[in-house]
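Work through the following exercises with the sequence and the 3D structure at hand. Each task is followed by a stepwise solution.

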Amino acid sequence: MRLPLAVTLLALTACSKEDVNLEIQVHGVVNPLHRVVTPARVCNAQGGAKGWRIEVTGAGFLPSYRYSATNELMVLPPEVTLRGATSIAVPSSHVSNPSLEQLWVDVPTRDSENPMQLPPGLYSVEVSNDAGNRDALPDALQVVPPPHLTRLEPPPSGYSHLHDTPIVIEGTGFQPGTFPHVELRHASLSARPLGPVTVVSATRVETVVPHDANEGAYDVVLRNPEGCAAVLPQAVTITYKRLGALSVSPAVGLESENTRITLRTSPEPWGHAFSGTPALFILAPLRAAPARMERIPLQDVTLLSDTEVSAVVPACTGLQAPPETAPGCPDGIATGGPYIIEAVDPGGASGRMLGFSVVPP
């Protein structure tokens, strides 16, 4: 052995004869994206340039040292082999050796730089080195396919402002017993996570669309806990039943007192009449926080007919229960407007109108 090589080896490892023959032990394998699952799951598609990372824990993970054809010292991590439906030796460029007790292994996929699509199933993880030491952990890694979305089963009664709406996602590659992340994506809105999510089978997922989701066409995105994701473009189109055109009188109230109003709907030719007593709201800021809009329930809502309802706008009390006893109505609605009044009918129809203002006395 050349002197520079000997010095380098001593500096890198401070190794002794006993160190070189240190017994390899493989204790565990985890996917850092989903650490609580045993055996660890890894997807055979997508991932980064080198695939999906797994962490192998154990003992005796000494690197190997070789001299290259150009007389350069090469420090190589222990060899990692996956054995199952097929066997692969993971390229050394995909293995990192941060300590004697841990290896970082990037498992190649069909989409990585050096593509390799492992058949789904259980694999043992074997670690070995040039000294002939080796150990394997049987059935330590479960390779799964990526999810694929085929269709979304729309709710038979449509979407409702009154309650969350159950939906069914059909496809393949879902993992029963796991909790995938499902969300709606829209070009001009923030992504909207859905939940709870139930994986009924490898081909069926159930979840709900929240009652306050905005109308529009959305992509559905499902991401399994081990990392792989699928998108179904324009799978959800949310629309709500409409009340007829709304009008209000009076259209102005004083900030110093609550105001009784009458809200009317004109159901013909395209909208719905009231089927019962609706929930009414005013979208307005409070005096204590004039920069933030609140959805403030109207009070004492009374159905007068299928086209008229009476209610009190809490101009003085805001979100507080009446009566307001503090002088100056500090908890009331900020002066301004016109503000939006929203009506949600028990039959599922809804409507909005811009037209109520709060003014100083």
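**Exercise 1.** Find the largest nonpolar core of this predicted model and state which residues have the most contacts inside it.

Solution.
- Step 1. The largest nonpolar core holds 27 residues.
- Step 2. Val56, Val80, Leu82, Val105 and Leu141 have the most contacts within this core.
- Step 3. At least two core residues come from each of strands S1 (25-30), S2 (40-43), S3 (52-59), S6 (79-83), S9 (102-107), S10 (121-128) and S11 (134-144).
- Step 4. A second core, separate from this one, has 25 residues, including Leu243, Ile261, Leu263 and Ala343.

**Exercise 2.** List residues that Leu141 touches, leaving out those up to four places away in sequence.

Solution.
- Step 1. With that exclusion, the contacts of Leu141 include Val29, Pro39, Ala40, Val42 and Ile54.
- Step 2. Leu82, Gly121, Leu122, Tyr123 and Val125 are also among them.

**Exercise 3.** Is Ala89 buried or exposed, and what does Ala89 touch?

Solution.
- Step 1. Ala89 lies in strand S7, which covers residues 87-89.
- Step 2. Its relative accessibility is 58%. The cut-off for exposed is over 50%, so Ala89 counts as exposed.
- Step 3. Beyond residues up to four places away in sequence, Ala89 touches Val80 and Thr81.
- Step 4. Glu126 is 37 residues from Ala89 along the chain, and their C-alpha atoms are 9.3 Å apart.

**Exercise 4.** Give the domain bounds and the separation of the centres of domain 2 and domain 3.

Solution.
- Step 1. Domain 1 spans 25-144, domain 2 spans 148-238 and domain 3 spans 245-359.
- Step 2. Taken over C-alpha atoms, the centres of domain 2 and domain 3 are 33 Å apart.

Definitions and conventions
Residues are numbered from 1 along each chain as its sequence is written. This is a predicted model: local features need pLDDT of at least 70, side-chain atom pairs count only at pLDDT 80 or more; totals for chains, interfaces and linings use all residues. Side-chain values use heavy atoms; hydrogens and water are left out. Helices (H or I, at least four residues) and strands (E, at least two) are DSSP runs, numbered from the N terminus. Buried means under 20% relative accessible area, exposed over 50%, partly exposed in between (1.4 Å probe, protein chains only). Contact means heavy atoms within 4.5 Å. Domain bounds come from an automatic or database domain assignment. A nonpolar core is a set of buried Ala, Val, Leu, Ile, Met, Phe, Trp, Tyr and Cys residues joined through side-chain atoms within 4.5 Å.
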